[in-house]
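Visitor: I should like to discuss the charged side-chain pairs of this structure. May we take them one at a time?

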Amino acid sequence: MDIIIERACGLDVHKDSITACIITPEGKEIRTFSTKTVYLIELVDWVKDHKCSHVAMESTSVYWKPIVNLLEAEDIEFLVVNAQHIKAVPGRKTDVKDAEWIAKLLRHGLLRASYIPDREQRELRELVRYRRSIIEERARQLNRIQKVLEGANIKLGSVVSEITGVSSLEMLRSIADGNDDLEVLANMARGKMKQKKEELKLALQGYIQDHQRFMIKTILGHIDFLADNIDKLDKEIALRMQDYQEDIDRLDSIPGIARRMAEQMLAELGRDIKKQYPGAAHMCSWAGLVPGNNQSAGKRKSSKTRNGNKYLKSALIEAAHSVRGSKNYLGALYRRTAARKGKKRAAVVVAHAILRISYYLLTRKEMYIDLGEDYFDKQRQESIVRHSRRRLESLGYVVEIKKPKAS
């Protein structure tokens, strides 16, 4: 095979050590470095001394990030490669052989780099992902409160629609402080909740113990702490995404996508969509929202969706579930697919549709225009009329169909 890159370096990256192999026309050299910053700088200097133009490494957990930061600062071209794309020689599995194999593949141009965003977007990604993890943790804490209340035989969740509402939280704080007066607790209801005072009295009557009050108080304090952090992250992310406002508005026009979801999508996808993804299908494949390709002997076998960007994929599937009852195109698509394939597959289909729509909105600089809930019926109008007529005739009816006069 032809040599594409004369001076190449392959890195086998681990948590505490890096095995590096440099292959040049003069020969091959292998060294092992610690992952502490001072030794990473030594690694970069070693690469520069050998005048390596390209460095390749596997995308191992988050251990590649410190190396990429240093290589990026020195303007050395790097490739972070999907580990599935590198097949080492069987029977010789060592760190040295791995590094040597990566360097050889790099020299012959046989490696395909994974998408690594620039530093600004990487920082934005970390903030957005951290915010999502905190939001998920807050949801877990709310579930814990519900579990404690059930243990005390307090059925507040059966009366109120949201345990996080103003009235509910005020009642819970009062219960945690030792208040057992059902009349006082029920009078904390606000708005429409005032109509449910008698139900609230029945629901709040239980057998709560001191340790359960302590747990409720602790969990509520944790929820307040998480909510405060979420607000801080919202402000920081909004500040960093000021230039993205038009794209956020475009994504926000899609049913199921709110501002936080739009921010997460842009943080994961990047700003220059058209440059990074050749088409909508390519972007959906990168996100892991397409079926795997499994064919053998001319037969296409069933294959689950491939692994993609798990953060983007989970967010889009969450958005897809949120539109299942909506009176629009995406809601109709969800219900139509769920009737045949189930809710989980319907969510993946709708998530795929949302991502495709996002691609066209962002590349064409347009706002979303809904096709309508009756889109699929209009597409197969003649088939529906023909099928309905046959059904009625089979029941003994005489059917005469007339089209309405044009107004």
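Visitor: With which residue does Arg213 form a salt bridge?

Guide: The model is predicted. In it, the closest N and O atoms of the pair are 2.6 Å apart, and a salt bridge requires a separation within 4 Å. The partner of Arg213 is Asp180.

Visitor: Where do Arg213 and Asp180 lie, and how many residues apart are they?

Guide: Arg213 belongs to helix α8 (residues 210–240), whereas Asp180 is in the loop between α5 (166–176) and α6 (182–186). The pair therefore links distant parts of the chain, and the separation is 33 residues.

Visitor: Is Arg213 buried or exposed?

Guide: Its partner Asp180, at 51% relative accessibility, counts as exposed. Buried means under 20% relative accessible area. Because Arg213 has 10% relative accessibility, Arg213 counts as buried.

Visitor: How many residues apart in sequence are the parts that Asp247 and Lys365 tie together?

Guide: Asp247 forms a salt bridge with Lys365, with the closest N and O atoms 3.8 Å apart. Asp247 lies in helix α9 (residues 245–252) and Lys365 in the loop between α15 (343–364) and α16 (375–379), so the parts tied together are separated in sequence by 118 residues.

Visitor: In which helix are Glu393 and Arg389 found?

Guide: Glu393 forms a salt bridge with Arg389, the closest N and O atoms being 3.2 Å apart. The two residues are separated by about one helical turn because they are four residues apart in helix α17 (residues 381–394).

Notes
Residues numbered from 1 in each chain as written. Predicted model: local features only at pLDDT ≥ 70, side-chain atom pairs only at ≥ 80, totals over all residues. Heavy atoms only, no water. Salt bridge = Lys/Arg side-chain N within 4 Å of Asp/Glu carboxyl O. Buried < 20%, exposed > 50% of the residue type's maximum accessible area, 1.4 Å probe, protein only.
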